[in-house]
Amino acid sequence: MTKSAEAIFMRLLRGVYTEPFAAAQDKLRECARNDVKNLVMKTKTILQNYLFVLPAVLIFSIFYIYPFYKVFTLSLCQWDGIARFDFAKNFIGLRNFIELFQDKIWWSAMLQAGYITLIALTFQNALALMLALACDRDIKGGNIYRVIFYLPPVLSEVVVGLVWKWIYDGNYGLLNYWLASIGLSNLVTDWLSNPNTALTCVTIIHCWKGFGWGFIIFLAGLQTIPRQLYEAAKVDGASSWQMFKSVTLPLMAPVFILVSILTVLGTMQVFVLILSMTGGGPGYHTEVPVTRILASMVRSSRFGYACSQGIMFGAVLLAVSFVQIRLSKYMKQA
Amino acid sequence: MEQRNSRFCLFFMLSLFIIFLSVFLVSCGPNAQNKEQVKSIKVWHWMSDRENAFLELAKRYEKETGVRVNFELYAPSDTYTQKVRAAAQTNTLPDIFGILGEKRDFASFVKSGYVYDLTEEINKDQGSWKNKLFAKALGVNEFEQGNSFEVKPGIYGISIDVTNIQMLYNKDLLQAVGVDNPPKTWRELVEVNKKLKAKGIQGLVSGWGETWMIDCFASNYAFNIMGKDKVLDTIRGKVSYADPEWVEVFDLFREMRDEGMLASGVVTMVNKTAEQLFANNRAAFAFNGSWCVNVYKGMNPDLNYGAMLPPKVSDRYPMTIWGGAGSSFMVNTKSKETQLAVDFLKWMTDTPQQVFLSKETQGLPSNKDSLRDIPMVLSQFASAMDNTTHPNVWGVSESPLVIETFDKGIQSIIIGEKTPEQLAREVQKVKEREMAKKTVN
């Protein structure tokens with residue numbers, strides 16, 4: 001009932017309605033007609049809105065929700081990926097997850113990915129920020145530097161891996177050749193077969209290949225900071241460090257959060273580089289979660305276990321992202 | 001005006017939805033190629049390096065029979081493995097396909113009804129087809145009575161070539177250290193390596209970053225040290241991996257490490273790199289399969305080398321090497337052209353086609369009558385076919401986790417992280433855990 005119809009009705013009830021009763025009846029009918037019309041219009045608008053989002057919902061459901069549902073279902077089953085899938089027959093409950101919690105190799109792969117991520121978060125992003133700060137100034141050939149710094153990320157990861165594998169090679173690698181030629185023969189080693197150096201070597205290449213992303217985002221962030229703020233700070237006699245600390249850092253906080261989340265998500269999922277450089281070896285020294293998932297699925301034909309690894313890995317990444325977001329909100333408030 | 005805009009938007013969205021739905025339905029519909037009148041079969045395989053030879057054979061087959069054969073070759077092998085599995089789940093397997101994986105994967109394909117039983121076809125006409133082929137080539141695709149996979153006994157695939165994995169030696173490098181004949185025993189190998197090391201020449205190179213090659217090398221010596229029955233009893237769980245003879249097998253890797261017999265970086269090396277090193281005279285020995293003849297020819301046609309069985313450690317049992325079927329083809333049970341597919345496989349394994357394939361790919365043919373005009377090194381590989389075995393013919397298969405622990409553990413011995421005894425205990429622990437799991441299931 002609309003408000004005008006309600007008012008007429010209330011006045012009729014209280015006996016304060018002064019116009020003839022028939023007129024009141026007409027008004028009420030008109031209100032009712034308006035009500036129906038409004039309802040039809042409202043329904044039509046709602047349906048129209050739903051129609052607008054329907055393609056997106058369909059695509060999202062087919063390519064995201066259904067696969068996730070399927071992965072979750074498979075994680076509760078023991079299935080080799082070949083035989084016909086029968087949920088009732090293959091269902092083993094949470095056994096895959098229990099085994100996963102006890103799988104030392106899986107957790108050491110997680111730690112190794114954590115090590116690469118930590119290095120990427122600190123050194124890779126620090127390098128990206130420094131280069132972005134340098135390119136943000138009006139320097140000669142700034143655009144050339146931007147292109148050069150952005151080159152590694154656009155190169156194929158497999159090609160980068162194979163080229164660096166050749167550089168690191170213990171037999172005819174360039175690195176050993178250079179070390180020997182500058183008199184550092186004592187440092188010559190099998191970089192990728194040595195358990196003490198393999199993971200760090202892969203990490204360095206990952207950072208080299210990835211810093212360009214951070215560089216571009218940092219540069220874009222720096223260019224949004226109004227120049228007047230720096231000029232005002234200069235007038236107040238602020239030093240370069242003070243300007244960086246009091247102007248750049250606070251205004252770049254959202255960019256730091258974005259870059260750090262992208263770095264964590266991207267680095268934890270590193271695997272193409274590892275496959276092309278070490279294959280996860282020597283032993284398990286360069287195994288990361290994705291190579292373990294691949295091993296479970298392809299080499300061991302354990303689709304169910306691989307799916308439980310995928311879910312666990314996703315949950316860990318989600319948790320890390322939440323912590324990062326909470327931390328950044330806290331930092332913003334502080 | 002507003003209403004007109006809203007109607008336009010509605011019309012636009014509806015059109016978009018209809019287009020989306022149409023594209024979706026059309027893409028899910030039957031393939032237009034199915035309407036073709038020409039009889040054709042589709043073949044999937046991972047041997048992309050043999051594309052030219054296959055295309056030429058397909059052309060010849062179409063000329064002879066009028067049947068078009070469409071070869072679709074996919075690499076790398078991991079991608080191919082997933083493609084075949086996905087196609088099996090969606091009933092879109094081609095008429096003929098290859099299966100990559102272990103025997104248990106093959107068994108799963110057969111048990112799920114994806115692979116046509118070729119036994120009857122093979123035994124037709126007093127086994128005329130069967131008799132043409134090496135028994136070892138058939139064995140890999142066969143499931144015997146009472147097999148542990150519980151597959152109906154029969155032959156489920158045909159191999160178009162045979163392979164075996166041996167050691168190769170570089171004649172020039174051995175002569176450079178005064179060795180005229182390749183070593184026949186492990187002790188001789190160690191001695192030759194000492195001479196090589198003194199001259200700064202690397203010893204053995206192999207793609208042990210691909211762990212299956214370590215597995216292969218280790219099981220060769222396990223067969224030599226303890227014999228087939230004990231190896232199979234270990235897989236069955238009747239003998240412990242901590243047994244002294246298994247420790248002896250692991251100790252060979254320790255000795256190779258301590259004596260500096262292995263090429264630098266062997267634990268993360270892929271076989272392609274190992275092949276490059278051997279082909280470029282950078283290592284005196286290689287551990288590689290018969291396919292290497294073609295690879296080395298491409299890399300260094302002047303390479304002066306020979307093939308030999310891995311030098312034996314013990315005289316108690318013969319040195320047995322991995323070998324048998326090279327690349328196998330299976331016929332899809334659900335294919336509408338099953339007979340055409342079988343006929344094509346018969347034609348592929350016939351002498352003229354096998355001679356052509358052998359010549360083009362420098363591989364060992366699966367047809368016994370085609371062993372003519374093959375290079376010297378290839379004939380050395382062929383002569384060792386009697387010494388071959390393969391996990392796929394053992395009738396029992398080891399758990400993938402045990403295999404992984406075994407292979408990765410050997411890598412750890414080579415890099416000096418584990419002792420043979422430690423590894424033996426570790427593998428046994430995983431074995432026991434896997435057996436307990438089987439009991440629960």
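The exercises below, each with a worked solution, concern a predicted model with chains A and B.

**Exercise 1. Describe the overall make-up of chain B.**

Step 1. The secondary structure of chain B consists of 17 helices and 14 strands.

Step 2. Along its principal axes, the C-alpha trace of chain B extends about 90 × 55 × 50 Å.

Step 3. Of the 441 residues in chain B, 45% are buried. Among contacts in chain B with a separation of 6 or more, 76% join residues 24 or more positions apart.

**Exercise 2. Determine how the two domains of chain B meet.**

Step 1. The domain assignment places 38–160 + 326–384 of chain B in domain 1 and 163–323 + 399–440 in domain 2.

Step 2. A distance of 29 Å separates the C-alpha centres of domain 1 and domain 2 of chain B. Domain 1 of chain B gives 12 residues to the contact, and domain 2 of chain B gives 14 residues.

Step 3. On the side of domain 1 of chain B that touches domain 2 of chain B, the largest share, four residues, belongs to helix 15 (residues 376–383) of chain B. By class, this side of domain 1 of chain B holds six nonpolar, five polar and one charged residues.

**Exercise 3. Locate the largest nonpolar core and explain its position relative to the domains of chain B.**

Step 1. The largest nonpolar core comprises 78 residues, and those with the most contacts inside it are B:Leu168, B:Val205, B:Ala283 and B:Ala286.

Step 2. Helix 9 (residues 211–236) of chain B provides the largest share of this core, 11 residues.

Step 3. Both domain 1 (38–160 + 326–384) and domain 2 (163–323 + 399–440) of chain B give residues to this core, so the core lies between them.

Step 4. Apart from its neighbours within four places in sequence, B:Ala286 contacts B:Met167, B:Leu168, B:Val205, B:Ser206, B:Ala274 and B:Phe278. A second, separate core has 52 residues, including A:Ala109, A:Tyr168, A:Val264 and A:Leu273.

**Exercise 4. Classify A:Val53 as buried or exposed, and place it within chain A.**

Step 1. Chain A is divided into domain 1 (3–70) and domain 2 (102–333), and the C-alpha centres of these domains of chain A are 54 Å apart.

Step 2. Helix 2 (residues 21–75) of chain A contains A:Val53.

Step 3. A residue counts as exposed if 12 or fewer other C-beta atoms lie within 10 Å of its own. A:Val53 is exposed because it has 11 C-beta neighbours inside 10 Å.

Step 4. A:Asp26 stands 27 residues from A:Val53 along the chain, and their C-alpha atoms are separated by 41 Å.

**Exercise 5. Compare the span of helix 11 of chain A with that of a straight helix, and find its kink.**

Step 1. At 1.5 Å a residue, a straight helix of 29 residues would span 42 Å, whereas helix 11 (residues 240–268) of chain A spans only 35 Å between its end C-alpha atoms.

Step 2. In helix 11 of chain A, a kink of about 55° lies at A:Ala253, shortly before the proline A:Pro254.

Step 3. The buried residues of helix 11 of chain A include A:Val255, A:Val259, A:Thr263, A:Val264, A:Thr267 and A:Met268. One of these, A:Val264, also belongs to the core of 52 residues.

**Exercise 6. Characterise the side of chain B that touches chain A.**

Step 1. The contact draws 30 residues from chain B and 27 residues from chain A.

Step 2. On the chain B side, helix 1 (2–28), helix 3 (77–89), helix 4 (103–111) and helix 16 (400–414) of chain B each give two or more residues. Helix 1 of chain B supplies the largest share, six residues.

Step 3. By class, the side of chain B that touches chain A has 12 nonpolar, 11 polar and seven charged residues.

Conventions:
Residues numbered from 1 in each chain as written. Chains lettered and ligands numbered in written order. Predicted model: local features only at pLDDT ≥ 70, side-chain atom pairs only at ≥ 80, totals over all residues. Contact = placed C-beta atoms within 7 Å. Nonpolar A, V, L, I, M, F, W, Y, C, P; charged D, E, K, R; others polar. Domains from an automatic or database assignment. Core = buried A, V, L, I, M, F, W, Y, C linked by C-beta atoms within 7 Å. Buried ≥ 20, exposed ≤ 12 C-beta atoms within 10 Å, placed from the backbone. Expected span 1.5 Å × (residues − 1). Bend = angle between axes of the 7 residues up to and from the residue.
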